[in-house]
Amino acid sequence: MLKSPMKLNQFIEQHTWFLWFMLGAGLLTAFVLNVAIGPVSIPLAGIAHAFLSQANTVDSTIVLSIRLPVALAGIIVGAGLGVSGAMFQAILRNPLADPYILGISAGAALGAAVAQALLLTSIPVSLSAFIGAIGAMTLVYLLSLSSGGSTPLYLILAGVAISALLGSIMSFVMLMSSALQIRVYSMMLWIMGGIKETGWYELIFAGATFAVLMVLAIIMAPYLDILSFGDEKASSLGVPVERARLLSMVIASLLAGVAVYLSGIVGFVGLVVPHITRLVVGPSHRRLIIVSSLAGAIFVLLADLIARTVLRPVVVPVGVITSLIGAPFFLYLLLRMYRGYKF
């Protein structure tokens, strides 16, 4: 019987196939359940018929036009936030770091809200989300430079402040924009974190962007391994520390931007998933990034499933569910750090 994360880690090292089997089975199960369960439940036979038949039935319309795009968007959101969190935790050498706490998600949301207020189309909205994420990351980065080598805790506190500031600006934009006031309810649901019904064109754009960023994240994995040892050690090994950190932060911020564009602000996924994943697969970031992407996708799909069923027919924003799980976990990590927790 496995009694500790260390023994589980050793078991995974010896039986890698078991890890990939569990992740694959978990992702497939969560995906099928998301497509099958909703205000109208569709049996597995109906799902298979929708994929294989060309008949334009009610079930096929629900599956192919509504639930399938939402489930695929959930995979991208969870995977993007999982990888983004893993990268930020490596960059800051702190398990409390994630795009939500650092204000990156708020920056992306502000960018998307401004674009929607200007009545821009889907692709400019996504680009605005990316710009907002990079802008928020730049503020955090400049604060770290101005402090002359800030501690990770200082960056996290700065991120919380920036998140509150950008959230206030976004509320002001919503109040001043007649276009956003018309659909204020849908905007509030988006801010609370809700995977929207996405068109295939938007989904393909977001998926392709995520794929490119995922490849870049895997390429940066060896540098993240070295950065985890500290700046001095990394410099002695010939790594350009500031350049590697800045590039990693850009990639992580853009991943968060993709997620926010599809789902609004879904908090704590980037905090919970990489931390638990690190306990299972160890600190090697190449494996950690891949596993965090799969685990993040499973986590968001299950959270979205709970959000759609717990108060059915009322749909709870998925961000509410992830925060209910992630906030206590965040407090638990704070208590462990206070008692001498080492990253």
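# Salt bridges and helix H4 in a predicted model

Visitor: Are Asp304 and Arg308 buried or exposed?

Guide: This is a predicted model. Buried stands for a relative accessible area under 20%. Asp304 meets that description, and for Arg308 the answer is again buried.

Visitor: What do the side chains of Asp304 and Arg308 meet in, and at what N to O distance?

Guide: Side chains of opposite charge can pair when their charged atoms come close. The cut-off for a salt bridge is 4 Å. The side chains of Asp304 and Arg308 form a salt bridge, with an N to O distance of 3.3 Å.

Visitor: Why are Asp304 and Arg308 separated by about one helical turn?

Guide: An α-helix has 3.6 residues a turn, so residues three or four places apart point the same way. Asp304 and Arg308 both belong to helix H14, residues 285–309. Their separation is about one helical turn because their spacing in that helix is four residues.

Visitor: How many salt bridges does a search of the whole structure find?

Guide: Asp304 and Arg308 make one of them. Arg245 also meets Glu242 in a salt bridge, at 3.0 Å from N to O. For the whole structure, the search gives two.

Visitor: Which helix holds Arg245 and Glu242?

Guide: Arg245 and Glu242 are three residues apart, or about one helical turn. The helix they share runs over residues 241–263 and is H12.

Visitor: Does Arg245 count as buried or exposed, and what is its relative accessibility?

Guide: Its partner Glu242 has 39% relative accessibility and therefore counts as partly exposed. Buried requires a value under 20%. Arg245 counts as buried, at 11%.

Visitor: How far apart are the end C-alpha atoms of helix H4?

Guide: Helix H4 has 35 residues, 58–92, and at 1.5 Å a residue the helix should span 51 Å. The distance between its end C-alpha atoms agrees with that, at 49 Å.

Visitor: Where in H4 does a kink lie?

Guide: The kink is about 40°. The proline Pro69 follows shortly after the site, which is Arg67.

Visitor: How many residues of H4 are buried?

Guide: H4 has 35 residues and is mostly covered. Thr61, which has its place in H4, is partly exposed at 34% relative accessible area. The buried count for H4 is 27.

Visitor: Which backbone oxygen does the side chain of Thr61 reach?

Guide: Leaving aside residues up to four places away in sequence, Thr61 touches Asn56 and Ile66. Its side chain comes to 3.0 Å from a backbone oxygen, that of Thr57.

Methods. Residues are numbered from 1 along each chain as its sequence is written. This is a predicted model: local features need pLDDT of at least 70, side-chain atom pairs count only at pLDDT 80 or more; totals for chains, interfaces and linings use all residues. Side-chain values use heavy atoms; hydrogens and water are left out. Helices (H or I, at least four residues) and strands (E, at least two) are DSSP runs, numbered from the N terminus. Buried means under 20% relative accessible area, exposed over 50%, partly exposed in between (1.4 Å probe, protein chains only). The expected span of a helix is 1.5 Å times one less than its number of residues. The bend at a residue is the angle between axes fitted to the seven residues ending there and the seven starting there. Contact means heavy atoms within 4.5 Å. A polar contact is a pair of N or O atoms within 3.5 Å; within protein, one must be able to donate a hydrogen and the other to accept it, and residues adjacent in sequence count only if both atoms are side-chain atoms.
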